[in-house]
Amino acid sequence: MTEIPLSDGHILSSFFKHAHDSCPEAFLQGVMGRGFTDSLDHPAYGIIQVGDFCFLDGNEKDSSDQNTLALLNDHFHNPGMIFIPLSESWNRQFDMNPVYSKDIRYALNKPDIQDFNKEQLISYIRQTAYDTDYPETAAESDFIVQSINEDYYHTVQQHTWSKDFTSNYPDYSAFKQLGFGFLIIEKQTGTLAAGASSFSSSLNSIEIEIATNPDYRKRGLATAVSARMVLECIKRNKYPSWDAANLISVAIAQKLGYRFKEEYTCYKLVHCA
């Protein structure tokens with residue numbers, strides 16, 4: 001298995017056409033991530049890793065690699081890694097290997113970026129927090145919306161629940177150039193309550209990452225900050241791709257204008273005591 005330089009991501013352009021999110025696109029366009037294949041000249045399969053996600057496509061049985069999953073394990077030791085096979089060949093390999101357990105994620109149909117209802121999105125912010133970019137929102141709210149600046153770029157990485165807002169960008173300069181995000185902060189305490197950010201970036205889209213501080217859940221904060229993120233995507237003409245880990249995420253996406261498409265299978269490493 002050979003690693004592909006980021007500048008040569010186009011080598012895998014025949015794969016990943018059916019990916020549910022935009023992470024593979026980020027590598028194919030030479031923006032971020034890592035890529036692997038069996039052959040740079042005539043690849044039988046492609047593997048793309050961005051953050052904690054590893055996407056696999058093609059027919060690894062047609063390659064000259066032996067025991068490809070073992071090679072895969074040599075590269076990825078992160079116990080939180082999520083493997084997303086996009087072909088039956090890879091699905092069979094994971095199903096037959098007891099090292100991996102099956103899980104479910106949720107794909108959403110993508111509305112055209114101009115089809116989002118901007119007034120509806122603003123209303124979700126108005127109900128919850130004050131945003132200086134949208135002064136019609138509730139100034140008397142206990143919460144304010146704050147863009148992720150250089151200070152917050154580092155602050156979010158100090159908390160388990162928020163670290164992935166900026167973790168795929170090597171420094172603030174890269175984040176400012178390629179990504180963006182917003183936080184909801186409690187006025188009185190300055191506590192980070194929720195956030196939405198670009199988990200990954202391609203040339204024309206971002207993959208939305210949302211999370212809420214466990215102490216501030218069920219207050220509509222995730223919906224509000226996600227709405228702010230979609231509004232910013234519309235402004236920047238960057239498509240806000242959304243792939244859901246659970247049904248709560250699906251429900252938030254549907255409120256914003258996405259439509260449920262289907263469940264799909266992913267895999268995680270099983271760690272035995």
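Begin by selecting Asp95, which is partly exposed in this predicted model. Its relative accessible area is 45%. Add Lys102, whose side chain forms a salt bridge with Asp95; the closest N and O atoms are 3.5 Å apart. Lys102 counts as exposed, because its relative accessibility is 52%.

**Further salt bridges**

The structure holds nine salt bridges in total. For another of them, select Arg34 and Glu3, where the closest N and O atoms are 3.0 Å apart. Arg34 belongs to strand S2 (residues 34-37) and Glu3 to strand S1 (residues 2-4), so this contact ties together parts that are 31 residues apart in sequence. Both side chains can be coloured by accessibility. Arg34 is partly exposed at 30% relative accessibility, and Glu3 is partly exposed at 37%.

Move next to helix H7 (221-236) and display Glu232 with Arg236. Their side chains meet in a salt bridge of 2.9 Å, N to O. The two residues are four apart in helix H7 and are therefore separated by about one helical turn. Glu232 is buried, with a relative accessible area of 6%, whereas Arg236 counts as partly exposed at 42%. Now extend the selection to Asp131, Asp133 and Arg228: salt bridges that share partners join these three residues with Glu232 and Arg236 into one network.

**The largest pocket**

Turn on a pocket surface and centre the view on Ile210, Ala211, Ala245, Asn246 and Ser249. Among the 41 residues that line the largest pocket, these five lie nearest its centre. The volume of this pocket is about 1,100 Å³. To see which elements supply two or more lining residues, select strand S6 (100-109), strand S10 (205-212), helix H7 (221-236), helix H8 (247-256) and strand S12 (259-269). Of the contributions to this lining, that of S10 is the most, with six residues. Colouring the lining by residue class gives 18 nonpolar, nine polar and 14 charged residues.

**The second largest pocket**

Select Lys17, His18, Ala19, His20 and Asp21, the residues that lie nearest the centre of the second largest pocket. Its lining comprises 24 residues, and its volume is about 420 Å³. At least two lining residues come from each of helix H1 (23-28), strand S5 (82-85), S6, strand S11 (239-241) and S12. Here S12 gives the most, with four residues. By class, the lining divides into ten nonpolar, eight polar and six charged residues.

**Aromatic residues**

Show the rings of Phe, Tyr and Trp. A search of the whole structure finds 18 aromatic pairs. One of them is Trp90 with Phe94, a tilted pair at 6.4 Å centre to centre and 40 degrees between the planes. Both residues lie in helix H3 (residues 88-96), four residues apart, and so are separated by about one helical turn. Trp90 is buried at 1% relative accessibility, and Phe94 is buried at 0%.

Next select Trp242 and Tyr258, which also form a tilted pair, with 5.4 Å centre to centre and 50 degrees between the planes. This pair links distant parts of the chain, 16 residues apart: Trp242 is in the loop between S11 and H8, and Tyr258 is in the loop between H8 and S12. Trp242 and Tyr258 are both buried.

Return to Trp90 and Phe94 and add Tyr45, Phe83, Tyr100 and Tyr267. Together, these residues form one aromatic cluster.

**Cysteines**

The final selection is Cys23, Cys54 and Cys266. How many disulfides does a search of the whole structure find? The search returns zero. The closest cysteine sulfur to that of Cys23 is in Cys54, at 11 Å, which is too far for a bond. Cys266 is likewise in no disulfide, the nearest cysteine sulfur being that of Cys54, 12 Å away. Cys23 is buried, with a relative accessible area of 2%, and Cys266 is buried, with a relative accessible area of 1%.

Terms used: Residues are numbered from 1 along each chain as its sequence is written. This is a predicted model: local features need pLDDT of at least 70, side-chain atom pairs count only at pLDDT 80 or more; totals for chains, interfaces and linings use all residues. Side-chain values use heavy atoms; hydrogens and water are left out. On a 1 Å grid over the protein atoms alone, a cavity is a set of points where a 1.4 Å probe fits but cannot get out, and a pocket is an open set with protein on both sides within 12 Å along at least five of seven lines; lining residues have an atom within 4 Å of a point. Grid points are joined across faces, edges and corners, and a volume is the space filled by probe spheres set on the points. Ala, Val, Leu, Ile, Met, Phe, Trp, Tyr, Cys and Pro count as nonpolar, Asp, Glu, Lys and Arg as charged, and the others, Gly among them, as polar. A salt bridge is a side-chain nitrogen of Lys or Arg within 4 Å of a carboxyl oxygen of Asp or Glu. Buried means under 20% relative accessible area, exposed over 50%, partly exposed in between (1.4 Å probe, protein chains only). A disulfide is a pair of cysteine sulfur atoms within 2.5 Å. Rings of Phe, Tyr and Trp (its six-membered ring) pair if their centres lie within 6.5 Å; planes under 30 degrees apart count as stacked, over 60 as edge-to-face and the rest as tilted.
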